[in-house]
Amino acid sequence: MFDKLKEILGFSPAPDYNQLLKEGGVIVDVRSNAEYAGGHINGAKNIPLQGLSSSTAMLKDKSKPIITCCASGMRSASAKSVLQSKGYTNVYN
């Protein structure tokens with residue numbers, strides 16, 4: 001119970017993003033196309049947040065690690081929630 005409370009409050013240990021990528025994970029950059037064009041993480045897929053719900057077909061395997069990112073963390077947190085609501089089980093912000 002205490003571990004779940006720590007997770008809810010954001011005190012869980014940070015995931016090993018390099019390991020997630022080695023396991024076939026994908027980085028989804030949910031910023032606008034213009035922001036993405038201005039610079040992004042190599043290999044990241046650009047799926048702007050406003051179109052994420054209708055673009056999940058690009059993310060076929062719902063158990064594959066997905067790392068969401070944006071400029072401040074707000075949109076990527078929303079993207080994580082959207083993906084989880086669509087059945088994706090291994091999503092990290």
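Two strands are taken to pair if DSSP finds at least two bridges between them. In this predicted model, S1 and S2 meet that condition, pairing in the parallel sense over two bridges. At one point along this pairing, Asp 29 stands opposite Asn 46 in S2.

It helps to place these strands in the whole chain. The protein chain has five helices and four strands, and from the N terminus on its elements follow the order α-α-β-α-β-α-β-α-β. Buried residues account for 30% of the 93 residues. Among the contacts with a separation of 6 or more, 56% join residues that are 24 or more positions apart. The chain exposes about 5,900 Å², and carbon and sulfur atoms supply 55% of that area.

The four strands come together in an open sheet, ordered S2-S1-S3-S4, with parallel pairing. Strand S2 (45-46) and strand S4 (91-92) stand at the edges; each has a single partner strand, so one side of each is left without a neighbour in the sheet. Backbone hydrogen bonds are the means by which strands of a sheet pair, whether parallel or antiparallel. S1 runs parallel to strand S3 (residues 66-69), and four bridges join the two. Within S3, Thr 68 is the bridge partner of Val 28, and Ile 67 is the bridge partner of Ile 27. Helix H5 packs on the sheet, where it touches S3 and S4, and its direction makes about 145 degrees with that of S3.

Strand S1 is a good place to look at how the sheet is covered. Both of its faces are covered: Val 26 and Val 28 are buried on one side, and Ile 27 and Asp 29 are buried on the other. Val 28 also shows how many parts of the chain meet here. Beyond its neighbours within four places in sequence, Val 28 is in contact with Lys 45, Ile 47, Leu 59, Ile 66, Ile 67, Thr 68 and Cys 69.

Turning to the nonpolar interior, the largest core has 12 residues in all: Val 26, Val 28, Val 30, Ile 47, Leu 52, Leu 59, Ile 66, Cys 70, Ala 79, Leu 83, Tyr 88 and Val 91. At least two residues of this core come from strand S1 (26-29), and at least two from helix H5 (74-85). Another core lies apart from it and has six residues, including Tyr 36, Ala 44, Ile 67 and Cys 69.

Helix H5 also carries Ser 76. With a relative accessibility of 2%, Ser 76 counts as buried, because the cut-off for that class is under 20%. Setting aside neighbours within four places in sequence, Ser 76 is in contact with Val 30, Thr 68, Cys 69, Cys 70 and Asn 93.

Charged side chains come next, and the structure holds two salt bridges. In one of them, the side chains of Asp 29 and Arg 31 meet at 2.8 Å, N to O. Asp 29 and Arg 31 are both buried. In the other, the side chains of Arg 75 and Glu 35 meet, again at 2.8 Å, N to O. Arg 75 lies in helix H5 and Glu 35 in helix H3 (residues 33-37), so this pair ties together parts that are 40 residues apart in sequence. Arg 75 is partly exposed, with a relative accessible area of 27%, and Glu 35 is partly exposed as well, at 28% relative accessibility.

At the edge of the sheet, Tyr 92 lies in strand S4. Its relative accessibility of 24% makes Tyr 92 partly exposed. Not counting residues up to four places away in sequence, Tyr 92 touches Pro 15, Tyr 17 and Leu 20, along with Ile 66, Ile 67 and Thr 68. Tyr 92 and Cys 69 are 23 residues apart in sequence, and their C-alpha atoms are 8.9 Å apart in space.

Key. Residues are numbered from 1 along each chain as its sequence is written. This is a predicted model: local features need pLDDT of at least 70, side-chain atom pairs count only at pLDDT 80 or more; totals for chains, interfaces and linings use all residues. Side-chain values use heavy atoms; hydrogens and water are left out. A nonpolar core is a set of buried Ala, Val, Leu, Ile, Met, Phe, Trp, Tyr and Cys residues joined through side-chain atoms within 4.5 Å. Buried means under 20% relative accessible area, exposed over 50%, partly exposed in between (1.4 Å probe, protein chains only). Contact means heavy atoms within 4.5 Å. Axes are lines fitted to C-alpha atoms, for helices over the stretch in contact, and angles run from 0 to 180 degrees between N-to-C directions. A salt bridge is a side-chain nitrogen of Lys or Arg within 4 Å of a carboxyl oxygen of Asp or Glu. Accessible areas come from the Shrake-Rupley method with a 1.4 Å probe; for residues, only the protein chains shown count as cover.
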